[in-house]
Amino acid sequence: MPELAELETLRAFDTPTICNAIELIAPERRVEGFTTEPFICHDPSLPPMVGYARTAKIRATRPSGRNKADDMAMRIDYFRHIAEGPAPTVTVIEDIDEPVGFGAHWGEVNSNLHKGLGSVGVVTNGSIRDVDMWAEGFGALAGSLGPSHGWVHVVEYAIQVEVHGMVVLPGDLIHADQHGAVVIPDSAVSAIKGTVDRLEKAEARLIGPSQQPEFDIEELITILDPDGRDH
């Protein structure tokens, strides 16, 4: 399992950069493991969310069907799951309603409770509300904004979920920012910084010259194909 220092290193990069690195480290992950639909980002100024997934599925269009005692037991067990180590964690919630986002699980109360239990933020296809009363520093990627929570309740927790095309298991390492989210394979973590350094050097070879007034197509071709191979 990655060390906390490695997680801090990951937080220094945006999510597209992490995806770029994973493409080189684990080429088989080039077309999977990341979100493929747009989100609403609650606060793009926050640093990336990096942590271990805690998962659940929710519904809001109808009551749970459980009695009061069972509802409370489910709620407590769900929060126990959120509080499980190791920390930090990212809460990943799949809204299984039709329509998705009918009721908001997330607002002033849950953002504060989850933050207090070690979660740094949420990634959900569902809705959020109370955006002006959100827990300070708590990140959120959501499918929509909504005013009501309806009959919102946890259906299942600590299970596989899928949010905007990203399949997540409890304990998966998540990296997320305003661009979206990605699951980082544990085997890739230690190689990411070095890979990012190499990518940045390669990109600088293109970006630097392109910003100069004398840059033209011939210079670009020379940079891309310094040996002058025929195509």
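Which residues form one aromatic cluster? In this predicted model, the cluster is made up of Trp-106, Trp-134 and Phe-138, and the legends below begin with that group before turning to cysteines, helix packing and a histidine.

**View 1. The aromatic cluster of Trp-106, Trp-134 and Phe-138.** The structure as a whole holds 3 aromatic pairs. In the pair formed by Trp-134 and Phe-138, the ring centres are 6.2 Å apart and the planes stand at 45°, so this pair is described as tilted, given that the word stacked is kept for planes under 30 degrees apart and edge-to-face for those over 60. Trp-134 and Phe-138 are both buried, and they share their cluster with Trp-106.

**View 2. Two cysteines, Cys-19 and Cys-41, outside any disulfide.** The number of disulfides in the structure is 0. For Cys-19, the nearest cysteine sulfur belongs to Cys-41 and is 15 Å away, and in the same way Cys-41 has the sulfur of Cys-19 as its nearest cysteine sulfur, 15 Å away. Cys-41 has a relative accessible area of 22%, and is therefore classed as partly exposed, because the buried class takes in values under 20%.

**View 3. The crossing of helix 3 and helix 4.** Helix 3 spans residues 68-83 and helix 4 spans residues 108-116, and their axes come within 9 Å of each other while crossing at roughly 50°. The two helices are therefore oblique to each other, and their crossing is right-handed. On the side of helix 3 the contact involves Arg-75, Tyr-78, Phe-79 and Ile-82, which meet Asn-110, Leu-113 and His-114 of helix 4.

**View 4. The surroundings of His-81 in helix 3.** With a relative accessibility of 4%, His-81 counts as buried. When residues up to four places away in sequence are left aside, His-81 touches Arg-54 and Thr-55, together with Tyr-157, Ala-158 and Pro-170.

**View 5. The packing of helix 5 against helix 6.** Helix 5, made of residues 189-210, and helix 6, made of residues 217-224, have axes 11 Å apart and pack at an angle of about 165°. Helix 5 is therefore roughly antiparallel to helix 6, since angles over 145 degrees fall in that class, and the crossing of these two helices is right-handed. The residues that meet here are Arg-205, Leu-206 and Pro-209 from helix 5, and Glu-219, Leu-220, Ile-223 and Leu-224 from helix 6.

Technical notes: Residues numbered from 1 in each chain as written. Predicted model: local features only at pLDDT ≥ 70, side-chain atom pairs only at ≥ 80, totals over all residues. Heavy atoms only, no water. Phe/Tyr/Trp six-rings, centres within 6.5 Å; stacked < 30°, edge-to-face > 60°. Buried < 20%, exposed > 50% of the residue type's maximum accessible area, 1.4 Å probe, protein only. Disulfide = S-S within 2.5 Å. Axes fitted to C-alpha atoms, helices over the stretch in contact; angles between N-to-C directions. Helix = DSSP H or I, 4+ residues; strand = E, 2+ residues; numbered from the N terminus. Parallel < 35°, antiparallel > 145°, perpendicular 65-115°, else oblique. Left-handed = near helix turned anticlockwise from the far one by under 90°. Contact = heavy atoms within 4.5 Å.
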